[in-house]
Amino acid sequence: MARVVVDVMPKPEILDPQGQAVAKALPRLGFQGVTEVRQGKRFELEVDDSVDDETLTKIAADLLANTVIEDFTVRRLDA
Amino acid sequence: MARVVVDVMPKPEILDPQGQAVAKALPRLGFQGVTEVRQGKRFELEVDDSVDDETLTKIAADLLANTVIEDFTVRRLDA
Amino acid sequence: MTIDTVKHAEDTPETAQPYRELGLKDDEYQRIREILGRRPTDAELAMYSVMWSEHCSYKSSKVHLSYFGKTTTEQMRSKMLAGIGENAGVVDIGDGWAVTFKVESHNHPSYVEPYQGAATGVGGIVRDIMAMGARPLAVMDSLRFGPADAPDTRRVLPGVVAGVGGYGNCLGLPNIGGEVVFDSTYLGNPLVNALCVGAMRVEDLHLAHASGTGNKIILFGARTGLDGIGGVSVLASDTFSGDETTAGRKKLPSVQVGDPFTEKVLIECCLELFREGIVVGIQDLGGAGLSCATSELASAGDGGMHVNLDRVPLRAKGMTPAEILSSESQERMCAVVKPSDVDAFMQVCAKWDVTATEIGEVTETGRLVITWHDEVVVDVPPRTVAHEGPVYNRPVARPAEQDSLQQPIELPRPSTSDLHDLVLRMAGSHNLSSRSWVTDQYDRYVRGGTVLSQPSDSGMIRIDEESGRGVALSVDCNGRYCKLDPYTGAQLALAEAYRNVAVSGATPVAVTNCLNFGSPEDPGVMWQFEQAVRGLADGCVELGIPVTGGNVSFYNQTGATAILPTPVVGVLGVIDDVRRRIPTGIGAEAGETLLLLGN
Amino acid sequence: MTAKIGVITFPGTLDDQDAGRAAKYAGAEAVPLWHADADLRGVDAVIVPGGFSYGDYLRCGAIARFAPVMGPVIEAAAKGMPILGICNGFQILCEAGLLPGALVRNHELHFVCRDQWLKVENTSTAWSSRYDKGAEILIPLKSGEGGYVAERDTLAALEGEGRVVFRYVGGNPNGSLNDIAGITDARGRVVGLMPHPEHAIDALTGPSDDGLGMFFSAIDALVKA
Ligand SMILES: Nc1ncnc2c1ncn2[C@@H]1O[C@H](COP(=O)(O)OP(=O)(O)O)[C@@H](O)[C@H]1O
C-alpha cells in the first residue's frame, strides 16, 4: 500500500477566479501582506503496490486534472 | 517573500462526494488498485516576510478551511 | 523589449510579417499596406487580422445577409428600435418597454474545453445584451452533439451542460429553454448556441459609439491577461526566446476561463451607471477584445480616438501591445463618458468593487491612435478595421447529391404492431428522450419571473410585475430537414419557433438566428447558406416579423465533412398579461376534447 | 404596524429581489440591507437570501460571513431576532456559526434544480409556525452544494432536540445526512434551509405557494413579540 498525493493547480497564465476571490478577501479581513493566491486541488490516493508511476501519471492526466487549463504533480508519500 | 502552501482536506469522518466519485470512476476507466481517494484543496500563497506563522494559521483556520468539516496544514516552501 | 512602433514600421518596410499565420491572405495583407501607406506594426497587424477574420468581419456571409435588410418592409420594421449591425436587436413591446435578444455560437471553444467554452459563451452573449442598456433577464441554450454514446460526446456533453449551468446559475439568470440534438456530423463539431434576452425602458436604449471630442474612454471589469492569445503569439516569437514570462512565450492555449461572479457584479454596476445617466456609449469586449471594442466604438462615433494602452490593467507580466489588443479576457466592458461624469462613474465602480481605468479619449482626428508609453503603435482609420474589411462573393453551387437526397422513397404502410414498436423506439431514442438530465442542472426560478420553462414549448418571463406584460421565446432547428432542403428547412425552423411561441399565448414579433454551417470555401456549403438565409428571410416576410440580429458560425467541419446545415432560429413573442399564458400539456382535466389543427 | 423584514445583498447575491417580494406578498415591508453597512436599519427580522456570494469559489458562504453587515446580524440573533437563511444564506449562517454543521457538494456532483417535497417537522420556530406538523410542502430546490453534514454528536443533538425543521421526502436530492433540508438554532428563531420558499409564493411563477407560510410565520412571531 502506498499513499499518493496529486496536486492540481491552474496553469500560471490561466485566470484563477477562486484564488482571486481569496486574495481580494484577505485585506478586507485585516490580513495584509499576501500578494498572490492560487487555488487548486489536492487528491490523496491509497494505492496498491502494483500501481506504477506511469499509471499514476495517467490517472492524474486523464481524470484528476484538466490538462488544457491545469498542471499537476504526482508524488508518493513515505509510509 | 515566501511561498506558502495550505492543504485543506475533508475530515476523515466527513462525507467526501468528490473523492468518492473519482474512486468510483477509476475502475470504469480501467485503472485498478486505487482503494481510496479523497479530494481537498491546495492553496499557494505568496506572502511578505512580515507575515508570521501565527497569522498564516489564522488565515487557514478562519478563511481557507471550515474546521467543522475540514483539516488543514500550512507549510512554507523553501525558496 | 523592443516595441514595433509606427515609426519603426516606416523605417523597416521590408520586415517579413507572419500575416498568413494570423489568417490573412496575401491580397488582404497588401490591402492593409495600401490603407496605411506602409507596413502595419505588430499591433496593427494583430488588430486587422482578428477584425478581418470570418468571425468578426462576416466576409463570406455579408453579401447574403444583406438579403434580410432588403426584404424587411417598413411595416415589419415598425416595432424595431435597433436591428442588424448593433450588438443585439431591440423591439418595442409596448407600455414603454423595450426588449433585446440575441443568440450566439461558442462552438469551437466548447469542443476544446467544454466547461469553460460553454460558460464563456453564456458570458459573452449576456454582455452583448448589457451593452444595449438592458438588464439581462433569462438565457436559453441550443446544443448539438455527436452520437450520445460516442466517447467524445461523453467528454463534451457533461462539460458543456455544466458550463452553461455553472455560468448562468451564478449570474442569476433563469434558463428558460433550449434544445439538445444528437447527430454524427456534430461529433467533432458540437454546437453551443446561447441566447440571452433583456429588457429596459425605451428611453434607456444605449448604442455603441464614441462621440463627443474630449469624452473619456473607460475600461472596466476584469484585468487583461493572456486569455485566448493563441495565434497572436507568433508575432513575437521570432524576436524573443521562449521565456514564458515575457513576450515571445510559446504558443498559448486559446482557452478563456470565465468568472461569472465578476460578470454578475459587472451587470449590477452597469445598470447603476445607466440609471445615473452617465454613459454616452458602451461596448462589451467579446471575441476580438480591445481591438474590436476600440475600433468599433471609434468607427461608429463621429471623430477619432486616442488610447493609452499602457494604462490597461494587466494580469500577466510582459504583455506586448499586440497581445493586449488581442486578449480575449472575459468580463470586461468599455464605456464613453463625459469628463464631468468620470468621478461619478468611478464612484459607482468603487461601490461594486469593479476595476475601472481611464484609457483614452475621443478626438477629432478621425483616426484611432494607440500609444504605448508615449510611442505610437497603432494609427489607423477605424472604419477600415471595424467596418470596411474584405467582402467575398464566394462560389455557390448546389451539391450534386442534392437530387438523390430528395428522391422520394416509397415507405410501406406500417402495421399496428410495427407502430407499437416504433413508438417505443422513438420514445427511447436519444433525440426524443427526456431532457431533464440537462434542465435539472439549470436554475429556472431565479428572479421570480419565470412563467414557463421546461417542459413547455416556449420559455416565458414576466417583464412588468404590475401589468403582467411579458415575453415568450423559443429556439428551434431541425438540421436534417435543412440538409434535405435548406430553404424550406430554415422556414420550418422559423415556423416551429413561431408556433411554439404562439401556442403559449404570446404574439410573435421578432426573430434572431445563429447560422451554423461548414466551410464557406466549399461551394456546396455556401449554397446551403444562401438557401437558408433566403428561406428564413422570405418566411419572415410571409409572417410579417423582422430578423433583428444574429450570428454566423462557419468552418464547423471535420475534414471534408460539414455539419448538417443548422440555422438555429429564435422567435420572440409578446404577451400583455402573463397570467393568460397557455401551459403545455393535455389531460389536466377529465373530459378534455383533443383537436388537431392544420393539415 | 407593518413588520419590517430586512433582506441582505452581498456581491453575488441573486435571490434578494425574490425574498423581498415574498416578504411583501406576506404583508411585510421589505428593507434592503447592504453587505458593507454594519447596520440593520431598524428591521424586525432578517433574510439572508440565496445566490453565489463572492462567487462561492472558495467555499459557499465562506467570505460573506465576514461582511460588515454580519456583525449586527449575529448580535440580533443573540437577542432572538427571527433570521432566515435560504440556500446560500443557510451556508452563510453555518459559516458564521449561527447554525451548526456545514453544506458540501451534492452527492452526484451536479447542480440540482427541481421541485422538491419537504416534510415540516418542527412547527414551533419563528419561520414554520403556520404549517401543520407533518405537512408536506412543494418548494424549489436549486443548489450545487446542498448536502448537509455535521459531526455525529451535533447531528444527534439536532435530532434529539427536534431542531430539524424540514426534511426531504420522495428522494434525497443531494446526499444530506438524515435527509435534512433545514434546521433551527436552539431557540427556534434562526432557521436555515436549502430549498427556496421565496420561489413558491405564487403558482404563476413557482410550483406552489407553499413557501408563503414561512413569511407569514415570521410576521406572526413578530406580532406576538
Ligand atoms: N439545452 C437545453 N437548455 C434548456 N432547456 C432545454 C434544453 N433542451 C431542451 N430544453 C427544454 O426541455 C423541454 C423539452 O425539450 P424537447 O424535448 O426538445 O421538446 P420539444 O421536442 O417539445 O421541442 C423544452 O421545454 C425545452 O425548452
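**View 1. Helices α2(C) and α3(C) are oblique to each other.** This predicted model shows two helices of chain C, α2 (residues 26-36) and α3 (residues 42-51). Their axes come within 11 Å and cross at roughly 125°. Angles of 65 to 115 degrees count as roughly perpendicular and those over 145 as roughly antiparallel, and the crossing therefore falls in the oblique class. The crossing of α2(C) past α3(C) is right-handed.

**View 2. Five residues come nearest to the ligand.** The ligand has 15 residues around it. Asp141(C), Asn175(C), Gly177(C), Gly178(C) and Ser456(C) approach nearest. By type, the shell holds five nonpolar, six polar and four charged residues.

**View 3. Side-chain and backbone atoms of chain C meet N and O atoms of the ligand.** Asp141(C) places a polar side-chain atom 2.3 Å from a ligand nitrogen. Gly178(C) uses its backbone: one of its polar atoms there lies 3.1 Å from a ligand oxygen. Glu179(C) also takes part through a polar backbone atom, 3.2 Å from a nitrogen atom of the ligand. On its own, the ligand would expose 550 Å². The protein buries 76% of that area.

**View 4. Strands and a helix of chain C contribute to the ligand shell.** Three elements each give two or more residues: β4 (135-145), β5 (175-182) and α18 (436-439). Which element supplies the largest share of the shell? That is β5(C), with five residues.

Conventions: Residues numbered from 1 in each chain as written. Chains lettered and ligands numbered in written order. Predicted model: local features only at pLDDT ≥ 70, side-chain atom pairs only at ≥ 80, totals over all residues. Heavy atoms only, no water. Near = heavy atom within 4 Å. Polar contact = N/O pair within 3.5 Å; in protein donor to acceptor, adjacent residues only side chain to side chain. Areas by Shrake-Rupley, 256 points an atom, 1.4 Å probe, with all protein chains shown as cover. Helix = DSSP H or I, 4+ residues; strand = E, 2+ residues; numbered from the N terminus. Nonpolar A, V, L, I, M, F, W, Y, C, P; charged D, E, K, R; others polar. Axes fitted to C-alpha atoms, helices over the stretch in contact; angles between N-to-C directions. Parallel < 35°, antiparallel > 145°, perpendicular 65-115°, else oblique. Left-handed = near helix turned anticlockwise from the far one by under 90°.
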